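Trainee: Please take me through one part of this model in close detail. I would like to start with how the two halves of a single chain meet, and then see how that chain sits against its neighbour.

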Amino acid sequence: MIETLPAMQTTRVRTVDFMQPLTDQPQPDAPAFGVKNLSMWYGAKEAIKNVTIDVPAKRVTAIIGPSGCGKSTFLRCLNRMHELVPRTRVEGEVLFAGQNLYSPDVDPAMIRRRIGMVFQKSNPFPTMSIAENVLVGLKLNGVRDRNLLNERLEKSLRMAALWSEVKDDLRKPGISLSGGQQQRLCIARAIAIEPEVLLMDEPASALDPIATMKIEELITELKANYTIVIVTHNMQQASRCSDFTAFFYMGALIEFANTAKIFSNPTRRQTEDYITGRFG
Amino acid sequence: MEEKRHILGTFDEALRSLRENVLMMASLTERNLNHAIAGLLQRDDELCALSIADDAEIDELEKQIDKDGIDVLLRFQPVASDLRRVVSAIKMNSNLERVADQAVSIGRRARKLNQHPPLQEIELIDPMHRHAVAMLRDSVDAYMREDAALAREIKPRDKALDEMNSNAGRTLTERMGDNPEQLRGYLNLMFIARCLERVGDHATNIAEDAVYAVAAEDIRHMHKKPAIEEQHSPEV
Amino acid sequence: MSGSANHQFRKAKSLIASLLCSVAALLVIAPLGLIFFYLLRSGLSSLNVAFFTNLPRPVGEPGGGMANAIVGSGELLALASLIGVPVGVLGGVYLAEYGTARVNALLRFVADVLNGVPSIIWGVVVYGLIVLPFKSFSAYAGSLALGFMMIPLIMRTTEEVLLLVPGGYREAALALGISRWKTIVHIVMKTASKGIVTGVLLALARIAGETAPLLFTAFGNRFWNRSLAEPIAALPLQIFTYAISPYDDWHRQAWAGALLLVAMIFLINLLVRFLTRGRAARVA
């Protein structure tokens, strides 16, 4: 019974995990990402230091850590978005579906169609309507089929729990929505191209508590179909909506385990000090 | 290893206050138990009455600690060792209150025994009392000093107390047959022995909570069959 | 009380300062007012239907107009835009989206120097490049000179408005697996489209009244232009020719032409105002 107390999640999510609270190194059958000895530099500064981690498929993995610990950078290394910043360099490998994302014959655009991303600041395209925003990824990637587009539009908005709120306003500008709706619109936009993974970079940090809860609920629903990696500053959020938690500190992965384990009995002292809010 | 302070000073303050109240609760409980037993052994009705009356104080403190514990959960959302400490404090609190209730029962029975000529078998109670109080004190101590080794020793010690209780039961049952006019007195003594045995159980619970707080381990019900353990598996 | 005297003194100083500022502001606005007033008074009477429909006529013959110069100016501006807009916009896209810091610094410096080059130099350059080898003044030469002038203007404004588009939109598009080029065209440039159009219009307004680069290139023509390889009339050239002539009725025509030119530039600026209205709010 005591083991269950730290858990702030629903039974649905947790039952299995609780049965073995002390052997919780995640050991998925087939990880979504196999990260091996990944290091990353901005110029001369090493931002990610030799990280090895297997990110489980169809689970929510939270990445926590203080500002500047490299958690966002690590997330971007998973779909090569870090390459937008000039003078970055990566060593090591990220295996995704059996392929190293960093092998020279891999096109980052193709990677990003399979590994979607949602950002901290909601960013619907200001010139586009709600519908256009959802479909922009498909259209600009060459999909012309009207029926398919309409079907994806409704499906994506439904999955993003936004359909009922916007179905009569699909022609209105995306930026006319509230902050929380805009973020769900961005999630709909990301899932419209049917990726396998959703990377979320502090998706709720700019939202009010109610909008935040809606996003968290959405994450819990989406994990049936997607592997989700979420970077968050909010430890309660990590403990509420993730299955596994990785703690980063100064570019290094300090601890990776079952979320219940991390928040009830972390193995590493640095993790304990960080999550309990002690002086570092 | 010295534990670092929290960035939030008020959090440290709240945890310290919770801890101090639990310690106070433990010492008041032990005092009540001592009063009740002394009332019996010294045939002192006033001490018996004291152990009953002072329970109100403990009830108040119990409510206060629960309130403080919930307040800490609410305000600081503790995790890891902090969470375990707060949860353990709340559970200890309830165990201590039950120990105090045993003291009340003992006080009541002792008062009844005091109205009759003394029974020689009262000597069965004293060693049980000392054993139970030692267990209680050590279990609280283990929590306060975060001493998992000490906490783990408590459970085996409960076996000895259980043994003493069944011996006392056997002896007293025999005496009832020999001496039926003292039946009521023997029953009261059996009841008091049983109360002390319960105190040992509560001390064991406290020790288990202490182990959880310190080592994040659940050592309860280890002797039972898995089928029974299943009933205690999570039902969040 | 000395405090009070001090107070009076400070009040007087403040009054003088605000008076000086007001006078300066008036000096800024006054020329525009004076130009309009002068142009309206001298040119309005000649701004009739014939002015828009007829060719220039010899001195003394009434009913002459500037139809060929108006159309010529339109042709020159259109041709200049064909050169200046694509090159300028693409250059701006390069600066904002592709170039490395060092190349960009060089390009910006060059563009700023080119912006500062006196317009007659452009005329001379195109004269050497086109007119001499082909042995003829032409509409091509005139528009090339004007187009060259547009390039750095459009390039810098395009760069600036593209840089105003928040990086989050680029990231969002690239994260959808959209290619770099499509992201720039369909997301970034679309978001900045009003700004880019504004830059083009401002560049047009700037070159519409240029005379010097046309002197050695378009040269001017008293008749309709039949081929772009031949000299062509332009509003500023016609004004120049008429204004330096000794004849009063040509002077009046020059005034009317000048009024038309200023009115056009004024309208373009109004349009720019309209387009940029609320742009800051939208970008934020």
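Mentor: Happily! Between domain 1 of chain C and domain 2 of chain C, the count of residue pairs in polar contact is 0 (both at pLDDT 80 or more). A polar contact here is a pair of N or O atoms within 3.5 Å; within protein, one must be able to donate a hydrogen and the other to accept it, and residues adjacent in sequence count only if both atoms are side-chain atoms. This is a predicted model, in which local features need pLDDT of at least 70 and side-chain atom pairs count only at pLDDT 80 or more, while totals for chains, interfaces and linings use all residues. Residues are numbered from 1 along each chain as its sequence is written, chains are lettered from A and ligands numbered from 1 in the order in which they are written, and side-chain values use heavy atoms, with hydrogens and water left out.

The salt bridge count between these two domains is 0 as well, a salt bridge being a side-chain nitrogen of Lys or Arg within 4 Å of a carboxyl oxygen of Asp or Glu. Domain 1 covers 2-45 and domain 2 covers 51-283 of chain C, with bounds from an automatic or database domain assignment. Their C-alpha centres lie 34 Å apart. Each domain gives 7 residues to the contact, meaning heavy atoms within 4.5 Å.

Together domain 1 and domain 2 of chain C bury about 720 Å², 89% of it on carbon and sulfur atoms; buried area is the accessible area (1.4 Å probe) that two parts lose on being put together, summed over both. On the domain 1 side, C:Phe36, C:Leu39 and C:Ser42 supply 63% of the area buried against domain 2, more than any other three residues. That side of domain 1 has 5 nonpolar, 2 polar and no charged residues. In this scheme Ala, Val, Leu, Ile, Met, Phe, Trp, Tyr, Cys and Pro count as nonpolar, Asp, Glu, Lys and Arg as charged, and the others, Gly among them, as polar.

Now for the neighbour. Chain C and chain A bury about 1700 Å² between them, 68% of it on carbon and sulfur atoms. C:Glu171, C:Ala175 and C:Leu176 supply 33% of the area that chain C buries against chain A, more than any other three residues. The contact draws 15 residues from chain C and 23 residues from chain A.

There is 1 salt bridge between chain C and chain A: C:Glu171 pairs with A:Arg76, with the closest N and O atoms 2.6 Å apart. This interface also has 5 residue pairs in polar contact (both at pLDDT 80 or more). Helices α7 (167-175) and α8 (180-191) are the elements of chain C that give two or more residues to the side touching chain A; helices (H or I, at least four residues) and strands (E, at least two) are DSSP runs, numbered from the N terminus. The largest share of that side, 7 residues, comes from α7(C). By class, the side of chain C that touches chain A has 8 nonpolar, 4 polar and 3 charged residues.

As for the remaining chain, chain B and chain C do not touch, and their nearest C-alpha atoms are 34 Å apart.
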